[in-house]
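Trainee: I have not seen this structure before. Could we go through it step by step?

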Amino acid sequence: MNKTIITVVGQDTVGIIAKVCNYLASNNININDITQTTMQGYFNMMMLVDTSNSLKKHGELADELASLGEEIGVQIKAQKEEIFQMMHRI
């Protein structure tokens with residue numbers, strides 16, 4: 001399984017989850033786990049997804065998600081699970 005961590009952060013607006021999930025579904029990306037919260041008008045979501053069935057390479061997915069984030073007014077980052085774990089070691 002090719003695991004990727006997707007984070008979404010920004011001002012809370014209607015449709016953020018729907019737009020991100022629609023993008024993932026249209027690229028055959030399965031959501032394995034998801035957590036989301038809003039705090040004083042700010043939105044934060046973290047997803048663990050499986051990109052094994054996607055026809056796009058990680059870089060292309062990450063760039064497209066970042067562009068989607070710009071369109072909807074949030075910051076979206078996609079990192080391979082291994083990279084994410086290495087960056088967040090204490």
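The questions below deal with a predicted model, taking the sheet, then the helices, then the core.

Trainee: In what order do the strands of the open sheet stand?
Mentor: The sheet is open and has 4 strands, with antiparallel pairing. β2 (30–39) and β4 stand at its edges, each with a single partner strand, so one side of each has no neighbour in the sheet. Read across, the order is β2-β3-β1-β4.

Trainee: Which residue of β4 is the bridge partner of T7?
Mentor: β1 covers 3–11, and β1 pairs with β4 in the antiparallel sense over 7 bridges. For T7, the bridge partner in β4 is K77.

Trainee: Which strands does α2 lie across, and at what angle does α2 run to β4?
Mentor: For the other helix, α1, the strands crossed are β1, β2, β3 and β4, and α1 runs at about 20 degrees to β3. α2 lies across β1 and β4, and its angle to β4 is about 165 degrees.

Trainee: Why are the buried residues of α2 on the same side, and how wide is the arc they cover?
Mentor: The buried residues of α2 are L61, A62, L65, L68, G69 and I72. They are on the same side of α2 because, around the axis, the arc they cover is only 125 degrees.

Trainee: Which exposed residues does the face of α2 turned away from the buried side carry?
Mentor: Buried residues have under 20% relative accessible area, and exposed ones over 50%. The buried side of α2 is covered by elements including β1, α1 and β4. On the face turned away from that side, the exposed residues are D63, E70 and E71.

Trainee: Which element gives the largest share of the largest nonpolar core?
Mentor: Nonpolar side chains tend to be buried together in soluble globular proteins. The largest nonpolar core here has 19 residues, and I6, V8, V20, L24 and I76 touch the most other members. Two or more residues come from each of β1, α1 (16–26), β3 (42–50), α2 (58–72) and β4 (74–80). The largest share, 5 residues, is that of α2.

Trainee: Leaving aside its neighbours within four places in sequence, which residues is V8 in contact with?
Mentor: V8 is one of the core residues that touch the most other members. With neighbours within four places in sequence left aside, the contacts of V8 are I16, V20, F43, N44, M45, V74, Q75 and I76.

Technical notes: Residues numbered from 1 in each chain as written. Predicted model: local features only at pLDDT ≥ 70, side-chain atom pairs only at ≥ 80, totals over all residues. Heavy atoms only, no water. Core = buried A, V, L, I, M, F, W, Y, C linked by side-chain atoms within 4.5 Å. Buried < 20%, exposed > 50% of the residue type's maximum accessible area, 1.4 Å probe, protein only. Contact = heavy atoms within 4.5 Å. Arc of directions from axis to C-beta. Pairing = 2+ DSSP bridges. Axes fitted to C-alpha atoms, helices over the stretch in contact; angles between N-to-C directions.
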